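Hello,

As agreed, I am passing the structure on to you. My notes on it follow below.

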Amino acid sequence: MRAGANTRVHVVSDVHGNTEALARAGDGADALICLGDLVLFLDYADHSRGIFPDLFGTENADRIVALRTARRFEEARDFGRELWRGMDRNAAITGAVRKQYAEMFAALPTPTYATYGNVDIPALWPEYAAPGTTVLDGERVEIGGRVFGFVGGGLRTPMRTPYEIDDEEYAAKVEAVGEVDVLCTHIPPEVPELVYDTVARRFERGSRALLDAIRRTRPRYSLFGHVHQPLARRMRIGATECVNVGHFASTGRPWALEW
């Protein structure tokens with residue numbers, strides 16, 4: 001830990017390929033917490049960035065973003081299937097993800113505590129996480145005398161991103177974490193103000209089990225990301241301060257917690 005009486009932790013989520021800022025995210029902190037979504041598959045703000053436009057070009061990226069934004073998910077899937085026809089989709093995506101992971105995990109400071117986002121591929125993380133990076137999912141760790149619990153991944157959606165799991169499996173991980181001082185997740189609790197994205201104009205999936213656990217166990221903080229432009233970035237649920245730590249890919253700034 002840094003010299004002095006206080007402990008300072010920086011928290012990031014939704015990194016989506018911003019390796020340059022990630023390398024500085026731990027500056028001045030005793031530890032970095034990363035709440036997932038390291039992979040950049042498609043940048044909805046700049047359709048020229050990400051795995052999809054690298055493979056298929058910006059015009060096709062424009063088209064699939066338009067379909068998804070209009071919630072025409074079946075059409076988007078049909079369009080995607082046509083683009084992938086004749087290609088080894090898994091090999092192409094895995095190769096591109098490996099390249100991104102190699103760069104991003106190398107940028108993480110020591111110590112880093114991380115969990116998965118819904119667009120991450122958990123099976124690849126052990127290959128890239130250095131000894132200074134602790135990966136947790138349904139697990140707890142003590143940092144500076146406080147207990148932090150971690151629950152990774154997202155819930156099932158029509159988007160069918162890589163690490164979406166059933167509600168029951170997610171709830172079991174929340175239950176396994178139990179009572180903690182700080183509850184760290186990728187997705188928010190299921191509260192309308194926290195799950196609504198004002199730019200995408202849709203409700204993202206939040207967790208009811210997470211909301212119930214917050215009300216029952218009363219952690220000091222619930223920290224999460226996932227919703228890039230939320231209606232509310234923070235609010236209290238009983239004794240708990242719920243904070244969307246921000247869309248790190250666009251801001252490049254970590255959220256700080258000090259005690």
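In this predicted model, five strands form an open sheet in the order β4-β3-β2-β1-β15, and the pairing is mixed. The edges are taken by β4 (133–135) and β15 (255–258). Each of these two has a single partner strand, so one side of each is left without a neighbour in the sheet. On average, and with direction ignored, neighbouring strands are turned by 20° against each other.

Within the sheet, β2 (residues 31–34) and β3 (residues 112–114) run parallel and are joined by three bridges. If you want a pair to look at there, I33 has Y113 as its bridge partner in β3.

Next, the nonpolar core. The largest one has 53 residues. Those with the most contacts inside it are V12, V15, L22, L38, Y101 and Y170. Which elements supply at least two residues of this core each? They are α1 (19–22), β2, α2, α3 (58–69), α4 (73–84), α5, α7 (167–177) and α9 (208–217). Strand β2 of the sheet is thus on the list, while the largest share, six residues, comes from α5.

Then the second largest pocket. The volume of this pocket is about 260 Å³, and 13 residues line it. Nearest its centre lie L40, G50, D54, Q100 and E103. Two elements give two or more residues to the lining, namely α2 (51–56) and α5 (89–107). Of these, α5 provides the largest share, with five residues. By type, the lining divides into four nonpolar, five polar and four charged residues. Helix α5 therefore turns up twice in these notes, with the largest share of the pocket lining and the largest share of the core, by the element definitions used here.

One residue of that lining deserves a separate entry. L40, among those nearest the pocket centre, sits in the loop between β2 and α2. Is L40 buried or exposed? Its relative accessibility is 7%, and the limit for buried is under 20%, so L40 counts as buried. L40 is also 5.2 Å from G17 in space, C-alpha to C-alpha, with the two positions 23 residues apart in sequence numbering.

To find your way around, you could start from the β2 and β3 pair, follow the chain to L40 in the loop between β2 and α2, and then turn to α5 in the pocket lining.

Regards

Definitions and conventions:
Residues are numbered from 1 along each chain as its sequence is written. This is a predicted model: local features need pLDDT of at least 70, side-chain atom pairs count only at pLDDT 80 or more; totals for chains, interfaces and linings use all residues. Side-chain values use heavy atoms; hydrogens and water are left out. On a 1 Å grid over the protein atoms alone, a cavity is a set of points where a 1.4 Å probe fits but cannot get out, and a pocket is an open set with protein on both sides within 12 Å along at least five of seven lines; lining residues have an atom within 4 Å of a point. Grid points are joined across faces, edges and corners, and a volume is the space filled by probe spheres set on the points. Helices (H or I, at least four residues) and strands (E, at least two) are DSSP runs, numbered from the N terminus. Ala, Val, Leu, Ile, Met, Phe, Trp, Tyr, Cys and Pro count as nonpolar, Asp, Glu, Lys and Arg as charged, and the others, Gly among them, as polar. Two strands pair if DSSP finds at least two bridges between them. Axes are lines fitted to C-alpha atoms, for helices over the stretch in contact, and angles run from 0 to 180 degrees between N-to-C directions. A nonpolar core is a set of buried Ala, Val, Leu, Ile, Met, Phe, Trp, Tyr and Cys residues joined through side-chain atoms within 4.5 Å. Buried means under 20% relative accessible area, exposed over 50%, partly exposed in between (1.4 Å probe, protein chains only).
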